[in-house]
Amino acid sequence: MYIIDKLPLSQVPKSGKLKIVLPKGNFTRLPDWCFLTQDVVVTLEIILNKLQTENEICLLASSEVEFSAVCQRCLEEMIEKISLSITGKKRTEQDKNFYFSHEDNFDTQNTYCKNNELDVIRLCEDELLLVLPMVPKHEFDCGPPLYLKNVKKINKPNPFASLLKNKDKN
């Protein structure tokens with residue numbers, strides 16, 4: 001296992017898997033409501049095509065990320081696990097860098113892989129940002145929101161009731 005941010009592609013084995021530990025403090029672009037509960041372990045694996053030639057190899061990066069957030073339904077803490085997986089391919093036989101699908105979508109080039117080095121932290125952080133839920137909530141029905149219980153305890157008159165009184169006078 002390596003604890004590293006950028007990885008020279010020469011260190012990725014031609015067969016087998018390489019595990020990299022990314023410290024949770026290095027993920028700086030996550031939203032304020034998302035807190036990683038543990039360091040992220042990324043598995044890198046070279047995948048050859050069916051003919052087992054090095055001309056068409058792919059780099060598979062996968063990990064499982066665990067984060068903590070506040071459920072927007074019940075306002076209780078929740079812990080969620082998300083699996084990430086992305087594949088990078090070489091464009092030509094002579095090319096030493098890998099290109100990932102999101103680079104084509106966003107018109108960026110060599111964002112993750114420059115000068116034969118893979119920016120693992122940026123790759124995983126971008127993937128995590130794309131799969132995070134827009135509204136964090138439990139998958140199961142966690143009941144009514146807690147703020148409704150607090151509203152019922154306060155005996156305030158309904159503001160629309162006073163408007164209704166004014167309507168009756170006119």
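Guide: A nonpolar core is a set of buried Ala, Val, Leu, Ile, Met, Phe, Trp, Tyr and Cys residues joined through side-chain atoms within 4.5 Å. Please bear in mind that the structure above is a predicted model.

Visitor: How many residues does the largest nonpolar core have, and which of them have the most contacts inside it?

Guide: In soluble globular proteins, nonpolar side chains tend to be buried together. Here the largest nonpolar core has 37 residues, and L22, L44, L59 and L118 have the most contacts inside it. At least two residues of this core come from each of β3 (17–22), β5 (40–47), β6, β7 and α2 (120–131).

Visitor: Which side chains along β7 are buried?

Guide: The general idea is that side chains in a regular strand alternate between the two faces of the sheet. In β7, the side chains of M78, E80, I82, L84, I86 and G88 point to one face and are buried. Those of E77, I79, K81, S83, S85, T87 and K89 point to the other face and are not buried.

Visitor: In what sense do β6 and β7 pair?

Guide: Their pairing is antiparallel, over 13 bridges. As one example, S63 has L84 in β7 as its bridge partner. On β7 there is also an antiparallel pairing with strand β8 (residues 99–100), over 2 bridges, where G88 stands opposite F100.

Visitor: Is the phi of L75 positive or negative?

Guide: Most residues other than glycine have a negative phi. L75, however, has a positive phi near 65°. This leucine lies in the loop between β6 (58–70) and β7 (77–89), and the hairpin of these strands has 6 residues between them. With a relative accessibility of 37%, L75 counts as partly exposed, because buried means under 20% and exposed over 50%.

Visitor: How many aromatic pairs are there, and how should I read the angle between ring planes?

Guide: Planes over 60 degrees apart count as edge-to-face. The count comes to 2 aromatic pairs. In one, the ring centres of W33 and F67 are 6.2 Å apart and the planes are at 70°, so this pair is edge-to-face. It links distant parts of the chain, 34 residues apart: W33 is in the loop between β3 and β4 (35–36), and F67 is in strand β6. W33 is partly exposed at 27% relative accessibility, whereas F67 is buried at 0%.

The rings of F100 and Y112 are also edge-to-face, with centres 5.8 Å apart and planes at 85°. F100 belongs to strand β8, while Y112 sits in the loop between α1 (101–105) and β9 (113–114). F100 is buried at 1% relative accessibility, and Y112 is buried at 5%.

Notes:
Residues are numbered from 1 along each chain as its sequence is written. This is a predicted model: local features need pLDDT of at least 70, side-chain atom pairs count only at pLDDT 80 or more; totals for chains, interfaces and linings use all residues. Side-chain values use heavy atoms; hydrogens and water are left out. Helices (H or I, at least four residues) and strands (E, at least two) are DSSP runs, numbered from the N terminus. Buried means under 20% relative accessible area, exposed over 50%, partly exposed in between (1.4 Å probe, protein chains only). Two strands pair if DSSP finds at least two bridges between them. Rings of Phe, Tyr and Trp (its six-membered ring) pair if their centres lie within 6.5 Å; planes under 30 degrees apart count as stacked, over 60 as edge-to-face and the rest as tilted.
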